[in-house]
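Trainee: I am new to this structure and would like to know what backs each term used for it. Can we go through it term by term?

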Amino acid sequence: MTQTTDLGPEDRKIITLARSARARNGVAEGAAVRDETGRTYVAGTVALESLRLSALQTAVAMAVASGATSLEAAAVVTEAGAASDADRAAVRDLGGPATPVHVAGPDGELRATVSAG
């Protein structure tokens with residue numbers, strides 16, 4: 001398994017941002033994505049009666065709404081052991097199948113890096 005310290009500084013940054021969003025908002029997951037220009041978008045889980053989005057889906061939606069045309073990387077901080085198929089599909093839709101998705105635990109330790117594809 002890759003350690004968080006083995007990642008580049010920009011990937012460590014999006015894991016830190018995702019972890020902060022989760023803690024700050026008291027939500028199940030926090031996520032962050034980095035677009036093709038290096039801008040980051042940070043989000044937490046959305047759990048409304050009429051709208052449910054994972055943190056990663058929300059971060060991707062924020063990137064799209066802000067004019068991003070591609071993603072360089074994504075990160076999700078979660079209790080789950082892996083990124084869901086729906087999360088990977090959202091990243092793939094904007095970033096392509098080779099986009100890395102970093103999955104970290106609530107402590108910020110990297111559990112896995114998988115491709116969106």
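Trainee: Which residue in β2 is the bridge partner of Ala 32?

Mentor: In β2 that partner is Val 42. Keep in mind that this is a predicted model.

Trainee: What makes β1 and β2 a pair?

Mentor: Two strands count as paired if at least two bridges are found between them. β1 and β2 have five bridges, in the antiparallel sense, so by that cut-off they pair. They form a hairpin with four residues between the strands, and Gly 38 in the turn has a positive phi of about 95°.

Trainee: Which residue of β5 stands opposite Ala 32?

Mentor: Ala 75 of β5 stands opposite Ala 32. Strand β1, residues 30–35, runs antiparallel to β5, residues 71–77, and six bridges join them. Six bridges satisfy the cut-off of at least two, so β1 and β5 are paired as well.

Trainee: How do you know that β6 and β7 pair, and in which sense?

Mentor: Five bridges link β6 and β7, in the antiparallel sense. One of the facing pairs is Pro 100 with Ser 115 in β7. The hairpin of β6 and β7 has five residues between the strands, and its Gly 108 takes a positive phi near 90°.

Trainee: What is the order of the strands in the sheet?

Mentor: The open sheet has five strands in the order β2-β1-β5-β6-β7, and its pairing is mixed.

Trainee: Why are β2 and β7 called edge strands?

Mentor: β2 (40–44) and β7 (110–115) each have a single partner strand, so one side of each has no neighbour in the sheet. The twist from one strand to the next averages 15°.

Trainee: Which helix packs on the sheet, touching β5, β6 and β7?

Mentor: Helix α3, residues 85–95, does so, and its direction makes about 165° with that of β5. Contact here requires heavy atoms within 4.5 Å. The buried residues of α3 are Asp 87, Ala 89, Ala 90, Val 91 and Leu 94, and they pack against α2, β5 and β6. Just after α3, Gly 96 takes a positive phi of about 95°.

Trainee: Why is Asp 11 called buried?

Mentor: The cut-off for buried is under 20% relative accessible area. Asp 11 has 16%, so Asp 11 is buried. Asp 11 is in helix α1, residues 9–25. Leaving out residues up to four places away in sequence, Asp 11 touches Arg 34, Ala 73 and His 102.

Trainee: Which residues of α2 are buried?

Mentor: They are Ala 55, Leu 56, Thr 58, Ala 59, Val 60 and Ala 63. After α2 comes Gly 67, which has a positive phi near 100°.

Trainee: What makes a group of residues a nonpolar core?

Mentor: Its members must be buried residues of certain nonpolar kinds, joined through side-chain atoms within 4.5 Å. The largest such core here has 20 residues, and those with the most contacts inside it include Val 33, Leu 56, Val 60 and Val 91. At least two residues come from each of β1, β2, α2 (55–65), β5, α3 and β6. The most come from α2, with five residues.

Trainee: Which residues does Val 91 touch, not counting those up to four places away in sequence?

Mentor: Among them are Leu 56, Val 60, Leu 71, Ala 74 and Val 101. Another core, of ten residues, lies apart from the one described, and includes Ile 15, Ala 18, Ala 32 and Val 77.

Trainee: In what order do the elements of the protein run?

Mentor: From the N terminus the order is α-β-β-β-β-α-β-α-β-β, with three helices and seven strands.

Trainee: Why is the protein said to be as compact as a globular protein of its length?

Mentor: The globule rule gives 13 Å for 117 residues, and the radius of gyration is 12 Å, which is close to that value, so the description holds. The C-alpha trace spans about 40 × 30 × 25 Å along its principal axes.

Trainee: How much of the protein is buried?

Mentor: Buried residues make up 42% of the 117 residues. The accessible surface comes to about 5,600 Å², and 52% of it belongs to carbon and sulfur atoms.

Definitions and conventions: Residues numbered from 1 in each chain as written. Predicted model: local features only at pLDDT ≥ 70, side-chain atom pairs only at ≥ 80, totals over all residues. Heavy atoms only, no water. Axes fitted to C-alpha atoms, helices over the stretch in contact; angles between N-to-C directions. Rg over C-alpha atoms; globule rule 2.2 N^0.38 Å. Buried < 20%, exposed > 50% of the residue type's maximum accessible area, 1.4 Å probe, protein only. Areas by Shrake-Rupley, 256 points an atom, 1.4 Å probe, with all protein chains shown as cover.
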